[in-house]
Structure formats: structure tokens, C-alpha cells
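Trainee: I would like to learn how labels in a structure are earned. Can we go through one together?
Mentor: Yes. Ask me why each word is used.

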Amino acid sequence: MVIGKVIGNLWATRKDEKLHGLKLLVVQHTDLQEQLKSSYVVAVDAVGAGVGDLVMVTTGSSARQSELTAGKPVDAVISGIIDRIDVGQ
Amino acid sequence: MVIGKVIGNLWATRKDEKLHGLKLLVVQHTDLQEQLKSSYVVAVDAVGAGVGDLVMVTTGSSARQSELTAGKPVDAVISGIIDRIDVGQ
Amino acid sequence: MVIGKVIGNLWATRKDEKLHGLKLLVVQHTDLQEQLKSSYVVAVDAVGAGVGDLVMVTTGSSARQSELTAGKPVDAVISGIIDRIDVGQ
Amino acid sequence: MVIGKVIGNLWATRKDEKLHGLKLLVVQHTDLQEQLKSSYVVAVDAVGAGVGDLVMVTTGSSARQSELTAGKPVDAVISGIIDRIDVGQ
Amino acid sequence: MVIGKVIGNLWATRKDEKLHGLKLLVVQHTDLQEQLKSSYVVAVDAVGAGVGDLVMVTTGSSARQSELTAGKPVDAVISGIIDRIDVGQ
């Protein structure tokens, strides 16, 4: 899984019908010091995340293993809101 | 999912038979300020997108979860036309 | 899918038995101006492509959705020979 | 599979319910001289790894082939603790 | 598939039980002139490859399509030993 910060929302009225009702969030990747990197991903929210949260994103076919995303054209899902990262010096 | 702008069409007369009837679009990736990046992807259109649209592209096995692409050799599908991206400052 | 130019052949006598009989081609990626990039991929030919052809390559599990590659250890298949790319200026 | 060093732990109270009970470790990628690279991945521990261990990480759908991770939104699993890498000069 | 040179072995006593009995090789990626690149992958050997061999590596879920790797946490398998690459000038 990758780590990122939720920085915004994305709206798409015309979309695959299986995506209706899913919340789409823009997640900017962060490094281990929680600094924003230039890359980002659009992910479905499965845990009630919001702007400003540091989150864990599951990608690929594994993104369809949450109850919310099963069988849907989703390749990235927010699978956890991070409380703490402890990387020793 | 990734974000990009539809910049053109692609034609292939000789192709895998499962691809017949699918519209192939060239999508150039964009950054969060909607500026074009150098990378791109060829994606099947599942939502009626056209040149100039800002779109959301689902990749990998998840690209086969739309009705149009199920069971086909497709690794990228346009799954939504983006109305608005709201990334706070 | 990605775009590339077929630049050669690859032979492997000792290989997974499921790969026997498949034609392996070396495809060098191209940018949108059809200029060769430094990256490349070895892909199974599913459409009768040959050296010099501009092709579309499907990767990942979707590469196993052609009749020729189903159930085989193939992660890239040539799924179309490109006639024309029309990316407007 | 990729090689990395376990450098820390990650806690997420709010997460996909299928992730409950799994240990999440931060693994920083290493090069062939076991030097840390800047990239990293969050992986589920399936082998009892701890901080400081050099490990092998399996990614993508294959990360769901361990008993611990089957059917869960996990795209990276620590599948082995490395005793020795022997790359001849 | 990607091309690389087998440069060594990797041992892991503690590993996912499904990996027992599989030979793990370190494969360094090569460019089209067979020069070593800095990137590498750890792959399961399915064809009897050894140090010094130029090989073809299948990645992702397709790496589980060989008899040896089916249902196992393996995301890269050596699927062929390359005899010759013929990329015309």
C-alpha cells in the first residue's frame, strides 16, 4: 500500500454506472517524512476519509477487495486512515 | 484512477477480435493543475468521452469491470468524465 | 494500452511449456510523435504483427484475455496493429 | 518480488474491516548492495518480520496468495525474511 | 515480459510456506544491447536458469500461470532462457 494525503474531491456526473454513489478523493503521495510528492492518485473512499487525512491506499485488483468496491472499475481505494507512522532513526 | 485529457483517436483495423466495436482514445496524463504531462495511455471509452474532455482512467484488471470491457484484452478504460476537481490550497 | 514499434524477435528454446508456439516480439515504446523511447517490452503476437509495425500492447492480466494467451504466463500481448493515430494540435 | 528493509510500523485505527488484526510494516526499498533507496511500500507481515529485517515483498494480486491476506485489500505482503543474497562479481 | 540477466541467488529460511522448494534468483534488468540497468527483480525460476543466463521474466498475476507458481505469492517468474534477440538496425 502507499501513503498519501487527501487533498480534495473529484466530481464526475457521467461515469460508469457501477461508480455511482462512490466518493472519489484526490490523494497526493507523501514520502516517509509526510512531505507531499508530485504524484497523486484518485481513490474511492472506503473508510470515511476527508481532506487533510493521511491515508493508506490499496491499488490494483486488491482495490476491489473492499465491500464497497467489489466488481467495480476501481483501481485505488482508501483502505485506512493513518494514526501514526513510527519509522525509527 | 488517473486523470488525463483526451487528445485524439487511434485506429487499428487488425486487432484482437474482442476489441472490435470499441472506441480507442488517446489520453494524455495531467497533473493536479490540469497541465499535460509527457506520459499517455490508450484507453477504451466506456462513457461517451471525446477529444478535449478531462477524464478519469481506470487501469489494470479493474479496467475489465465495466460492462463494455469484461473479458477483453483491455488494460485501461475511461470510467468517468470529470466535471470538477476541487483541491484546496 | 501502450504504443510501440516492433523492432525485433526473441528466441527462447528453454521456456515454460505453455509458451511453446507463441511468437515473441520486442516492442520499443514510442511517444505520441511515434519517436522511439528507451523502454521496451517483450510481447506475444496475437494479431500477425511484424518488424516495423506500430502496435498497441495490452499488459498485465488483461494480456491473458486473448484466445492465444489465456491461462499462460504472458503479461504483454500485441492486441492491435495501428493504422493511424490522430492527435489534434 | 522486491527487496527492502523494514524501517517501522504504521497504525490505522479506522481501516477496512478485513485489515483488522494484520500487522502493517513500512518497508524501504534497497538496491543490490542493500543500500536504502528513497521509495518505500507499506506491507502486511506474513512471516513474523520486524524492524531491521531485510525482507522480500510480493506485490499486486499475488500479495493475496498468502493464507493471511486472501480476499483482503492488500497489495503488498512480506513473503520472506532474507538470510543472504549472493550476487557474484 | 522483461529481459534481464541472472546475477545471483537469494535465501530466505523464514518465508511463506507456499514458497518452500522454489528457487529464488536475482535478475538484473538489461537494455536492448544487453547492458545491465540499475533495476532488478527477485524471480522464481521455472525453467532451470542459472547465474549468467539472459532470461525473460513474466510479472504480476501472469507469474502465477506456470505450473510451479500457481496459487503462490509470486509476482515474478523466469519464463524463458533467451537464446537470441534479433533487433535489426
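The talk below moves from one chain to its copies, then to single residues and pockets.

Trainee: What kind of model is this?
Mentor: It is a predicted model.

Trainee: How many helices and strands are there in chain A?
Mentor: Chain A has 0 helices and 7 strands. From the N terminus on, the order reads β-β-β-β-β-β-β.

Trainee: What makes chain A as compact as a globular protein of that length?
Mentor: Set two values side by side. The radius of gyration of chain A is 13 Å. The globule rule gives 12 Å for 89 residues. The two are close, so chain A is as compact as a globular protein of that length. For the outline, the C-alpha atoms fill a box of roughly 45 × 25 × 20 Å along the principal axes.

Trainee: What share of the residues in chain A is buried?
Mentor: Buried residues make up 58% of the 89 residues in chain A. The cut-off for buried is under 20% relative accessible area.

Trainee: Which share of contacts in chain A joins residues at least 24 apart?
Mentor: Take contacts between residues at least 6 apart in sequence. Of these, 51% join residues at least 24 apart.

Trainee: Why are chain B and chain C said to be related as by a five-fold rotation axis?
Mentor: Look at the superposition. A turn of 72° and a shift of 0.0 Å along the axis lay chain B on chain C, with an RMSD of 0.0 Å. The two copies are therefore related as by a five-fold rotation axis. In chain B, Ser61(B) comes closest to that axis, at 5.2 Å for its C-alpha.

Trainee: How do you know that the copies use different surfaces?
Mentor: Check which contact residues recur. For chain B, 3% of the contact residues recur in chain C. The copies use different surfaces.

Trainee: What turn lays chain D on chain A?
Mentor: A turn of 72°, with a shift of 0.0 Å along the axis and an RMSD of 0.0 Å. Here too, 3% of the contact residues of chain D recur in chain A, and the copies use different surfaces.

Trainee: How far apart are the closest C-alpha atoms of chain B and chain D?
Mentor: They lie 10 Å apart, and no contact joins the two chains. For chain C and chain D, the closest C-alpha atoms also lie 10 Å apart. No contact joins that pair either. A contact needs heavy atoms within 4.5 Å.

Trainee: Is Ile85(A) buried or exposed?
Mentor: Its relative accessible area is 16%. The cut-off for buried is under 20%. Ile85(A) is therefore buried. Ile85(A) sits in strand 7, residues 84-87, of chain A.

Trainee: Which residues is Ile85(A) in contact with?
Mentor: Leave aside its neighbours within four places in sequence. In chain A, Ile85(A) is then in contact with Ile3(A), Glu34(A) and Leu54(A). In chain D, the partners are Asn9(D), Leu10(D) and Val26(D).

Trainee: Why does Glu34(A) count as partly exposed?
Mentor: Partly exposed covers the range between buried, under 20%, and exposed, over 50%. Glu34(A) has 38% relative accessibility, so it counts as partly exposed. Glu34(A) lies in the loop between strand 3 (24-30) and strand 4 of chain A.

Trainee: What is the phi of Glu34(A)?
Mentor: It is positive, about 65°, although Glu34(A) is not a glycine. Most residues other than glycine have a negative phi. In chain B, Glu34(B) also has a positive phi of about 65°.

Trainee: What volume does the largest pocket have?
Mentor: It has about 1300 Å³. Of the 40 residues that line the largest pocket, the closest to its centre are Thr59(A), Gly60(A), Thr59(B), Gly60(B) and Gly60(D). By class, the lining has 16 nonpolar, 19 polar and 5 charged residues. The largest share, 3 residues, comes from strand 4 of chain A.

Trainee: Which residues line the second largest pocket?
Mentor: From chain C come Ser39(C) and Tyr40(C). Those from chain E include Val2(E), Ile3(E), His29(E) and Lys37(E). The space in the second largest pocket is about 170 Å³. Its lining divides into 3 nonpolar, 5 polar and 1 charged.

How values were computed:
Residues numbered from 1 in each chain as written. Chains lettered and ligands numbered in written order. Predicted model: local features only at pLDDT ≥ 70, side-chain atom pairs only at ≥ 80, totals over all residues. Heavy atoms only, no water. 1 Å grid on protein atoms, 1.4 Å probe; cavity = no way out; pocket = protein on both sides within 12 Å on 5 of 7 lines; lining within 4 Å. Points joined across faces, edges and corners; volume = space filled by probe spheres on them. Helix = DSSP H or I, 4+ residues; strand = E, 2+ residues; numbered from the N terminus. Nonpolar A, V, L, I, M, F, W, Y, C, P; charged D, E, K, R; others polar. Least-squares fit on C-alpha atoms with pLDDT ≥ 70 in both. Rg over C-alpha atoms; globule rule 2.2 N^0.38 Å. Buried < 20%, exposed > 50% of the residue type's maximum accessible area, 1.4 Å probe, protein only.
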